[in-house]
Amino acid sequence: LRRQLQMCIRDSGLAAGVGVLFAMKKGVDAASTKLAGGSKFQQKFNDLKGPLTEAGITVTGTGKDEKFYVADKYQSQGGSKSNFTIEKAGTPEQKEQWLKPLLNGEIRSAFAMTEPGLPSSDAKNICTQARLEGDEWVINGEKYYISGAGDPRCKVMITMVQTNPDAPPHKQQSQILVPIDTEGVHILEGMEVFGHDDAPHGHMHIHFDNVRVPKENMLLGEGRGFEISQVRLGPGRIHHCMRSIGVAERALELMIRRTTTREAFGKPIIRLGKNIELVSRARIEIDACRLMVLQAAKAMDTLGNKEARVYVSAIKAMVPEKVCTIIDQAIQMHGATGVSQWTPLARMYTGQRTLRIADGPDEVHHMVVGRNEVRKYEGEAYTAIDDKLRNCLLYTSDAADEGLGVDLGGRRII
């Protein structure tokens, strides 16, 4: 079914960067496609509607050469973390208005947090202001790299704002639902990532100019923005790492297929240098990453978000970095083709390299893991050489007359 759908999309004449990727066993990334090939390819696509529907995937369209939508019933693409946020923190009214159409694949959402004028990796810095005036929140500020906000189906943003700058640091921030068509929401431009604009999904630069939304659009309550984020980010980071492992598997497959079917200097490329060892290391690291992700997911299930945060930070720091290395090695073994549009490797690499910054940079996650390790031993004496000291030959002050050892307050030690 996956291959049939991919072939249909390929044969319809779509650009190389557009496609449908199965992210889960019963899910695909939402993608809109125009079947430029006419009725022949429209018929192919229509023939797939039945099997796709049985697999839990919604397919809608209106007619020849019109846009067809393959919508992931399970919203398994990256932006779906907003759905989880509304489900956990939203009121019944908010869920009816936003969550229901999101889950039906009718609309999309975005999460607006990162700001261009300060290091947003420390979320306490967020300074987009929201003040309550009567029955409305008035929002002023600037956000950028708001992923998904360029999609015409994006109808609402979960926006991180500062509602009380005088409160304790972790109580200053709140999250508010902002319909993207609200007056005063100005989308300035689409930010590029390694030279790509990722249209139509986009990563938008947005200015909030006296944006007014009802006070009922507050999620969970004023000052609970960090609390919501902890609920949202843990599963989201696990989700990122799960997809990264799939990317690594694909890169390893391409690496092996390329090097076992091409020869240079009289032998298959796989037999040159340490290439066979690189394949071995890639397999070992992918499996290690997979087990660590499983451990983090198990911790999330059994310990909860707060207690699992160290496990989650560990995989977020480890997995994208390891996957970047594997893709880089696959690119090297492909030569010039590896950086071309002929393979997915270049885009895979930029995606994983970006992930080392998104949802918390590597350094923040290493800080979480390292700080947790240090706390295990805080206040304890350094005892690594105690046994050696105890086994030293000790002499009483009487031995001093024999000129042995070093004086230690009436004792001698060798």
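**Figure 1. Overall fold of the predicted model, with 11 helices and 17 strands in the protein chain.** The model is predicted, not determined by experiment. The protein chain has 414 residues, of which 42% count as buried. Among contacts in the protein chain with a separation of 6 or more, 66% join residues 24 or more positions apart. The accessible surface of the protein chain amounts to about 22500 Å². Carbon and sulfur atoms contribute 53% of that surface.

**Figure 2. Close-up of the aromatic pair formed by Y144 and Y145.** The structure contains one aromatic pair. Its ring centres, those of Y144 and Y145, lie 5.0 Å apart, and the ring planes meet at 65 degrees. The pair is therefore classed as edge-to-face, since the angle is over 60 degrees. Y144 has a relative accessible area of 23% and is partly exposed. Y145, at 33% relative accessibility, also counts as partly exposed.

**Figure 3. Close-up of C241, a buried cysteine.** A search of the whole structure returns zero disulfides. C241 accordingly takes part in no disulfide, and the nearest cysteine sulfur, belonging to C289, is 8.1 Å away. The cut-off for a disulfide is a sulfur pair within 2.5 Å. The relative accessibility of C241 is 0%, so this residue counts as buried.

**Figure 4. Close-up of C154, a further buried cysteine.** The relative accessibility of C154 is 3%. C154 is classed as buried because this value is under the 20% limit. With zero disulfides found in the whole structure, the view of C154 shows no such bond.

How values were computed:
Residues are numbered from 1 along each chain as its sequence is written. This is a predicted model: local features need pLDDT of at least 70, side-chain atom pairs count only at pLDDT 80 or more; totals for chains, interfaces and linings use all residues. Side-chain values use heavy atoms; hydrogens and water are left out. Buried means under 20% relative accessible area, exposed over 50%, partly exposed in between (1.4 Å probe, protein chains only). Rings of Phe, Tyr and Trp (its six-membered ring) pair if their centres lie within 6.5 Å; planes under 30 degrees apart count as stacked, over 60 as edge-to-face and the rest as tilted. Helices (H or I, at least four residues) and strands (E, at least two) are DSSP runs, numbered from the N terminus. Contact means heavy atoms within 4.5 Å. Accessible areas come from the Shrake-Rupley method with a 1.4 Å probe; for residues, only the protein chains shown count as cover.
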